[in-house]
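Work through the exercises below with the sequence and the model in view. Each task is followed by a solution in steps.

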Amino acid sequence: MSRKGKILAALLAVLAPVSAVALWTYLPQMQRAATWQNMASPGPLSSAHAFLKEDCAACHTPVKGVEDATCVACHANETVLVQRQPTAFHADIAGSNNCVACHKEHDAGRSLRGMDHAALTDIIVRWLDRAPEGHEGAVLLAHLKAHRPEALPGNLSLANGMTYKETLLDCASCHKTTDPHVQVFGNDCATCHGTTTWSIAEYRHPPPSSTECGQCHLAPLSHYKEHFGMMSKPIAGVRNAEPEQCYLCHQTTSWNDIRGIGIYDHH
């Protein structure tokens with residue numbers, strides 16, 4: 001290091017503690033703790049946790065960081081959230097640093113509600129690994145190691161972008177209530193869908209001339225009631241249509257694009 005560099009480093013070494021002492025001395029007593037915590041904060045909290053911005057200890061345990069027990073202490077009474085099928089699994093995975101694996105703070109809330117399927121899979125594998133001998137979890141892990149060892153490393157991906165490890169997840173346990181296919185294709189969502197996006201880039205709908213709509217689509221309940229004969233068929237001008245003959249009335253552009261009528265919505 002040059003002579004100038006050494007002098008500059010020495011000055012900084014002297015000025016840094018002097019500045020800190022001055023800051024501590026002249027700031028009002030009530031602002032000191034908040035100032036130091038703001039200086040150490042990696043970013044703004046989400047609006048839900050913003051009231052804790054001057055109380056790091058409310059969430060962070062010294063040396064250990066954010067522990068699940070701290071999160072549960074505040075959120076355990078949110079029974080409505082835990083009882084919803086898509087989020088009910090939270091009641092079973094509270095353990096060690098599981099919450100922060102998915103719910104990340106200090107970025108103004110952008111990652112607080114993000115769904116990280118890979119992190120969830122890691123939590124489940126850790127849970128299986130800690131299961132006592134003879135427990136169904138230990139048996140399942142032994143089965144995976146013996147018959148699906150490629151699923152455990154988590155660094156191999158399928159064509160749809162999912163890792164082999166993510167295929168261990170039971171998609172239907174969370175997504176069954178919002179399954180647009182109403183289980184016509186079963187519960188193995190990973191056959192077609194990935195975890196990054198629901199849409200399938202390679203999917204191409206059959207041509208408008210196709211008459212095999214029933215392979216994927218189910219007619220709504222209204223098509224099996226008087227409404228179908230009194231309203232739907234007369235409007236479409238196809239009085240002899242059966243509920244399973246979607247192609248006689250509907251276009252492939254949109255479900256309510258009716259042949260010879262265009263976009264129709266009588267509600």
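The exercises go from the overall make-up to single residues and then to enclosed spaces.

This is a predicted model, in which local features need pLDDT of at least 70, side-chain atom pairs count only at pLDDT 80 or more, and totals for chains, interfaces and linings use all residues. Residues are numbered from 1 along each chain as its sequence is written, and side-chain values use heavy atoms, with hydrogens and water left out.

**Exercise 1. Overall make-up**

Task: State how many helices and strands the protein has, and give their order.

Solution.
Step 1. Helices (H or I, at least four residues) and strands (E, at least two) are taken as DSSP runs, numbered from the N terminus. This gives 10 helices and 4 strands.
Step 2. Read from the N terminus, the order is α-α-β-β-α-α-α-α-α-α-α-α-β-β.
Step 3. A contact means heavy atoms within 4.5 Å. Among contacts with a separation of 6 or more, 42% join residues 24 or more positions apart.

**Exercise 2. Surface and burial**

Task: Find what share of the residues is buried and how much area the protein exposes.

Solution.
Step 1. Buried means under 20% relative accessible area, exposed over 50%, and partly exposed in between (1.4 Å probe, protein chains only). By this rule, 22% of the 267 residues count as buried.
Step 2. Accessible areas come from the Shrake-Rupley method with a 1.4 Å probe; for residues, only the protein chains shown count as cover. The protein exposes about 18,800 Å², and 60% of that area is supplied by carbon and sulfur atoms.

**Exercise 3. Salt bridges**

Task: List the salt bridges and describe the surroundings of their residues.

Solution.
Step 1. A salt bridge is a side-chain nitrogen of Lys or Arg within 4 Å of a carboxyl oxygen of Asp or Glu. The search of the whole structure returns 2 of them.
Step 2. One joins E67 to K64, with 4.0 Å from N to O. E67 is partly exposed at 25% relative accessible area, while K64 is exposed at 58%.
Step 3. The other joins K165 to D122, at 2.9 Å from N to O. This pair links distant parts of the chain, 43 residues apart: K165 sits in the loop between α8 (136-147) and α9 (171-175), and D122 in helix α7 (residues 117-130).
Step 4. K165 counts as buried because its relative accessible area is 11%. D122, at 30%, is partly exposed.

**Exercise 4. Contacts across the sequence**

Task: Give the C-alpha separations of K165 from V125 and of H175 from P86.

Solution.
Step 1. K165 and V125 are 40 residues apart in sequence, and their C-alpha atoms are 9.0 Å apart in space.
Step 2. H175 belongs to helix α9 and is partly exposed, with a relative accessible area of 36%.
Step 3. Along the chain, H175 and P86 are 89 residues apart, yet 6.4 Å separates their C-alpha atoms.

**Exercise 5. Positive phi**

Task: Locate V63 and H106, and state the phi of each.

Solution.
Step 1. V63 is not a glycine, but has a positive phi of about 75°. V63 lies in the loop between β1 (60-61) and β2 (65-66) and is exposed, at 90% relative accessibility.
Step 2. H106, also not a glycine, has a positive phi of about 70°. H106 is in the loop between α6 (99-102) and α7 and is partly exposed, at 22%.

**Exercise 6. A pocket and a cavity**

Task: Describe the second largest pocket and the largest cavity by volume and lining.

Solution.
Step 1. Both are found on a 1 Å grid over the protein atoms alone: a cavity is a set of points where a 1.4 Å probe fits but cannot get out, and a pocket is an open set with protein on both sides within 12 Å along at least five of seven lines; lining residues have an atom within 4 Å of a point. Grid points are joined across faces, edges and corners, and a volume is the space filled by probe spheres set on the points.
Step 2. The second largest pocket holds about 910 Å³. Its lining has 34 residues, with H181, F185, Y203, C216 and H217 nearest the centre.
Step 3. The search finds 1 cavity of 30 Å³ or more. The largest cavity has a volume of about 60 Å³, and its lining includes H223, E242 and W255.
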